[in-house]
2 protein chains.
Amino acid sequence: MEEDFHLCPKFEAAFQLLGKRWTGLILRVLMNGPKRFKDISHLIPNISDKMLAERFKELEAEGLVVRRVYDEVPIRIEYELTEKGKALEPMMNEFQKWAEVWMK
Amino acid sequence: MEEDFHLCPKFEAAFQLLGKRWTGLILRVLMNGPKRFKDISHLIPNISDKMLAERFKELEAEGLVVRRVYDEVPIRIEYELTEKGKALEPMMNEFQKWAEVWMK
């Protein structure tokens, strides 16, 4: 067995983070630009508001998403990818290509 | 909100599949070539044999991995990525790059 092969803990940690149900879709939606909570919820039909709020908390804590509050009447709140979040786009695009070819 | 944006069900299904704990690591190890059960188990320190066997069943059912039995004494059994599994390499490489930059 090739002795020089070793597994990268960062790779596993990243998979743990992005592997959670809905996370990939939420990130994919935000790759299309900042969005309000209800717009995202509308675009991901089966996700509950409770789950979406929970995933946002995790994604904000991980520095992948930021919540912007606009001082308007009524107040406007949008969710947006950070640099760290946007940096996932190449991986997402490769994954999309794979899914289109191989997933039934 | 951009009306032409829509989410791809194949993308979500693919995330469900690969998002399971350990799956990413198992695929990553096999990207390095066919391996025996105990070699894989050795390379992923914290995974139980029971879990590894379970993930292999799923990955075989999804057509990502194939189990080869070599008629030798003693019998040799190896796990190997299929074309579908190997096609994940570009995504994995992008993900590795992201993890190295962004994961602590």
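1. Starting with the contact itself: chain B puts 44 residues into it, and chain A puts in 44 residues as well. Keep in mind while reading that this is a predicted model.

2. On size, the usual yardstick applies: an interface is often described by the accessible area lost when the parts come together. Here, about 4,700 Å² is buried between chain B and chain A, and carbon and sulfur atoms give 75% of that area.

3. What about salt bridges across the interface of chain B and chain A: how many does the rule find? The count between these two chains is zero. Polar contacts do turn up, with six residue pairs across the interface of chain B and chain A, both partners at pLDDT 80 or more.

4. Which elements of chain B do the touching? Those giving two or more residues to the side that faces chain A are helix 1 (9-18), helix 2 (23-30), helix 3 (37-43), helix 5 (83-86) and helix 6 (89-102) of chain B. Helix 6 of chain B gives the most, with ten residues. Sorted by class, the side of chain B that touches chain A holds 26 nonpolar, six polar and twelve charged residues.

5. Now the symmetry. A turn of 180 degrees with a shift of 0.0 Å along the axis lays chain B on chain A, at an RMSD of 0.0 Å. That is the relation of a two-fold axis. Within chain B, the C-alpha nearest the axis belongs to B:G19, at 1.7 Å from it. Both copies use the same surface, as 100% of the contact residues of chain B recur in chain A.

6. Helix 1 of chain B deserves its own point. Its buried residues are B:F11, B:E12, B:A14, B:F15, B:L17 and B:L18. In chain A, these buried residues pack against helix 1, helix 2 and helix 6 (89-102), and in chain B they pack against helix 2 and helix 6.

7. Last, have a look at A:R21. This residue is found in the loop between helix 1 (9-18) and helix 2 (23-30) of chain A. Is A:R21 buried or exposed? Neither quite fits: its relative accessibility is 41%, so A:R21 counts as partly exposed. Leaving aside residues up to four places away in sequence, A:R21 touches A:R55, B:E12 and B:Q16. One of those partners, B:E12, is also among the buried residues of helix 1 of chain B. Back in its own chain, A:R21 has its C-alpha 9.5 Å from that of A:M51, and the two are 30 residues apart along the chain.

Definitions and conventions
Residues numbered from 1 in each chain as written. Chains lettered and ligands numbered in written order. Predicted model: local features only at pLDDT ≥ 70, side-chain atom pairs only at ≥ 80, totals over all residues. Heavy atoms only, no water. Least-squares fit on C-alpha atoms with pLDDT ≥ 70 in both. Contact = heavy atoms within 4.5 Å. Helix = DSSP H or I, 4+ residues; strand = E, 2+ residues; numbered from the N terminus. Buried < 20%, exposed > 50% of the residue type's maximum accessible area, 1.4 Å probe, protein only. Buried area = accessible area lost by both parts, 1.4 Å probe. Salt bridge = Lys/Arg side-chain N within 4 Å of Asp/Glu carboxyl O. Polar contact = N/O pair within 3.5 Å; in protein donor to acceptor, adjacent residues only side chain to side chain. Nonpolar A, V, L, I, M, F, W, Y, C, P; charged D, E, K, R; others polar.
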